[in-house]
Amino acid sequence: HGLPQYLILSLFQDPGGKLWACTNGKGASYFEGGKFHDYEPVRDAYPWSIFQDSKGVRWIGSYGGGLYRIENGRVTNYKKDHGLSSNGVFAIFEDSKKRIWIGTTGGGAVIFENEGFLRFDENHGFRGKYVIRFFEDSKGVIWAGTTGYGVNRFENGAFTNFSTGGSPAPVSGVLSHDTVRSIYEAPDGALWFGTYGGGLNRLKNNKIVSVRKKDGLYNNTVSD
């Protein structure tokens, strides 16, 4: 059906219902008219993620090729020499304030705002250089899942970190694993964190409780 590569790194459905696929070394493809088509702007890239923001701007994160921005047919490729903290971009997310959050491999978390990049690192209270997931909860709090450093919470302009080593007061309990791959908010307001080997963690009423295979979970590796 025209798909250039059978190894798919991620899938994305845009607001118009079009399905996009990031392939391993063969660029990005979209499904239309019963078959896949190459997306020419990134045909030779190694795309990891695709995202379309509320303005219709399409963003593509890649392995080694930086961040692509496609707006009104114009393609802009941002790399480290443009202010991006890393040329590896794994996660892209838009929050309710229309800020574009970028999760990099090796460069921590970055915000693209006012045509520039703002990087967050340990000097800002952010822990972890590999960011793989963003989520905004019903209170407008931003959460950033990392590889090896748990999850960071961005609230009232400041970061706090939750990990196996500790949680900020007044929260009791700690995460069961420091790689957080998925984040979800349940209807009752509880936040769930899926980890790579530590099962699920639930944060509710300032208390963290873990759920693992021994508790009936099928597998201790949880992703979405």
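## An all-strand chain and its nonpolar core

The chain has 20 strands and zero helices. Both are DSSP runs, numbered from the N terminus: helices are H or I with at least four residues, strands are E with at least two. The radius of gyration is 18 Å, close to the 17 Å that the globule rule gives for 224 residues, so the chain is as compact as a globular protein of that length. That radius is taken over C-alpha atoms, and the rule is 2.2 Å times the number of residues to the power 0.38.

This is a predicted model: local features need pLDDT of at least 70, side-chain atom pairs count only at pLDDT 80 or more, and totals for chains, interfaces and linings use all residues. Residues are numbered from 1 along each chain as its sequence is written, and side-chain values use heavy atoms, with hydrogens and water left out.

**Overall build.** The C-alpha trace spans about 50 × 40 × 30 Å along its principal axes. Of the 224 residues, 47% are buried. Buried means under 20% relative accessible area, exposed over 50%, and partly exposed in between (1.4 Å probe, protein chains only).

**The core.** In soluble globular proteins, nonpolar side chains tend to be buried together. Here the largest nonpolar core has 25 residues. Such a core is a set of buried Ala, Val, Leu, Ile, Met, Phe, Trp, Tyr and Cys residues joined through side-chain atoms within 4.5 Å. Tyr-39, Trp-59, Leu-67, Ile-102 and Phe-117 have the most contacts inside this core. Elements giving it two or more residues include strand 2 (19-23), strand 6 (58-62) and strand 11 (109-113). Strand 7 gives the most, with three residues.

Take Trp-59. Leaving aside neighbours within four places in sequence, its contacts include Ile-50, Phe-51, Leu-67, Tyr-78, Ile-92 and Phe-112. Contact means heavy atoms within 4.5 Å.

**Loops with unusual angles.** Two Asn residues have a positive phi although neither is a glycine. The table sets them side by side.

| Residue | Phi | Loop | Relative accessible area |
|---|---|---|---|
| Asn-72 | about 55° | between strand 7 and strand 8 (74-78) | 80%, exposed |
| Asn-114 | about 55° | between strand 11 and strand 12 (116-120) | 75%, exposed |

Another loop holds a cis peptide bond. It runs from Ala-169 to Pro-170, with omega near 5°. Pro-170 sits in the loop between strand 16 (158-162) and strand 17 (180-185).
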